[in-house]
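The exercises below are to be worked with the sequence and the coordinates side by side. Try each task before reading its solution.

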Amino acid sequence: MTTDYKNIIKEGLWGNNTVLSQQLALCPTLAVTTTATNGLGMGLATTLVLVATGWIISMVRGVVTQEVRIPVFILLIATTVTVADMIINAFLHDLYKVLGLFIPLIVTNCVILGRAEAYASRQKVLPSMLDGLMMGLGFTAVLVVLGMIREIIGSGTLFANASLLLGQTFAFLELTVIPNYKGYLIMILPPGGFLVFGFLMAAKRLIDQELERRNSLVIPLKVIDVPA
Amino acid sequence: MNKGIAVPSYRQRLGYHAGLLGGIGLLASMVLVITDIETRVAIAQAKAADQKASLEQVIPKELYDNDLLQDILLITETDQTTATSTNVPIYLARQGQQVVAAAYQQVGYGYSGEIRVIMGINIQGEILGVRVLSHTETPGLGDKIEERKSDWILGFNGKSLQNPLADGWRVKKEGGEFDQFSGATITPRTVVQIVRHGLEFFARHQQQILTQPLPLPKPTDSLGSPSTS
């Protein structure tokens, strides 16, 4: 059986995007995306865990039976997240001070269990890790875009505090898009997250429809205007 | 799960399921224990360094010559309304034998949860510095109490219970001296209250704090956290 790596990449980043298509992981998505930087941090940490759990779960897939697979997966995921949490806390302490809040939250991210169940438990190690990476990057991309929109409208800045997350070299990312901006509070509060999320989902549907229209050879029927 | 492969019959037994779950649980705990042992010291060091850094922000380094983390006085405060008592560790800054300043944490409840503040006070009862250690206020609004977001918190420097007097320890909207933020009043109001309570706390225990003798040299750590060695 050959694995269609191109398809994994396409599905992870766009076609089967965790947030926009599967509508999974909405809790962390809406909670942390008040700034683009937070979204990036959460996305990258989740990607790391997705790759690690994809690797571990595809390794044990041969011995795990159908009946106990869920507790086993949960156990493995929780262990991976806790280990990642401790290692980041010990050796990348500055990063931990920014991400610390988000890391334990990853356990509750249903995308991780979702990918373990739907993909890693049925596939070989390499495709599972690639699937984790691509799903994670797709998740990160949505979080960053959502964070950027909310941050610009809500507080008029972009990538605020990026240097705390990525180091001083990335200080150039921090922009004040609209100086002396009062900001729309609602975009920073949870309802703003839902609003932007709704628009993003609608935009993805529109783009998909447009792509489908272009790809299909059928010439669309001309709609006849009926006078009202 | 194993498409096209016959599942061996022993996998249907209860014992296999139990053993599998137990075995994986055992492996997971082993991994956790090993990671904990490997990272424990580094995490404790990082935490101590953080604590030291936050203490240095509220008491200028030039003022003292001792190790604040080793010179701690525990004061028991009893809350009259809830009848609970808490131990507040006071970090004492000394020049030689003499206490010159003290730092301690205070907690209050803001718009969406606990706000933890560390404050440094000199022996005259004047604030040397205040910093917010942790909070869960609205990002972009209430988080202006953080020093890296806004210099609002520096406005407490040099204040005491006499400056301003009791009426001034409020936000401007309520006739006091301290700015509120546009869109957030509750958060700065809470911080002003926390700091004022902190000053009153110091005033109540001033005598005990100033006369606290030097601690006996201890070989173990006294971070107030579980032993890490």
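**Exercise 1.** Does Q207(B) count as buried or exposed, and how many C-beta neighbours lie inside 10 Å?

*Solution.* Before starting, note that this is a predicted model, in which local features need pLDDT of at least 70, side-chain atom pairs count only at pLDDT 80 or more, and totals for chains, interfaces and linings use all residues. Residues are numbered from 1 along each chain as its sequence is written, while chains are lettered from A and ligands numbered from 1 in the order in which they are written.

Step 1: recall the cut-offs, by which a residue is buried if 20 or more other C-beta atoms lie within 10 Å of its own, exposed if 12 or fewer, and partly exposed in between, with C-beta atoms placed from the backbone. Step 2: Q207(B) counts as exposed because it has 9 C-beta neighbours inside 10 Å. Step 3: place Q207(B) in helix α2 of chain B, residues 186-210, where helices (H or I, at least four residues) and strands (E, at least two) are DSSP runs numbered from the N terminus.

**Exercise 2.** Determine the environment of A102(B) and list what it touches.

*Solution.* Step 1: A102(B) belongs to strand β3 of chain B, which covers residues 98-109. Step 2: since 26 other C-beta atoms lie within 10 Å, A102(B) is buried. Step 3: leaving out residues up to four places away in sequence, A102(B) touches I90(B), Y91(B), L92(B), A93(B), I121(B) and I209(B), a contact being a pair whose C-beta atoms, placed from the backbone, lie within 7 Å. Step 4: compare two pairs, each 84 residues apart in sequence: A102(B) and A18(B) are 57 Å apart, C-alpha to C-alpha, whereas Q207(B) and I123(B) are 9.9 Å apart.

**Exercise 3.** Describe how α3(A) and α8(A) pack.

*Solution.* Step 1: the axes of helix α3 (residues 36-60) and helix α8 (residues 125-155) of chain A come within 8 Å and cross at roughly 165°; axes are lines fitted to C-alpha atoms, for helices over the stretch in contact, and angles run from 0 to 180 degrees between N-to-C directions. Step 2: α3(A) is therefore roughly antiparallel to α8(A), a label given to angles over 145 degrees, with under 35 counting as roughly parallel, 65 to 115 as roughly perpendicular and the rest as oblique. Step 3: sort the residues of this contact, which divide into 18 nonpolar, 13 polar and two charged, given that Ala, Val, Leu, Ile, Met, Phe, Trp, Tyr, Cys and Pro count as nonpolar, Asp, Glu, Lys and Arg as charged, and the others, Gly among them, as polar.

**Exercise 4.** Which residues have the most contacts inside the largest nonpolar core?

*Solution.* Step 1: a nonpolar core is a set of buried Ala, Val, Leu, Ile, Met, Phe, Trp, Tyr and Cys residues joined through C-beta atoms within 7 Å. Step 2: the largest has 50 residues, and those with the most contacts inside it are A45(A), V49(A), F102(A), I106(A), I112(A) and F139(A). Step 3: α3(A) supplies the largest share of this core, 11 residues.

**Exercise 5.** Contrast Q23(A) with A25(A) in their burial.

*Solution.* Step 1: both sit in the loop between α1 and α2 of chain A. Step 2: phi is near 55° for Q23(A) and about 60° for A25(A), which is not a glycine. Step 3: Q23(A) is exposed, with 12 other C-beta atoms within 10 Å, whereas A25(A) is buried, with 23.

Conventions. Contact = placed C-beta atoms within 7 Å.
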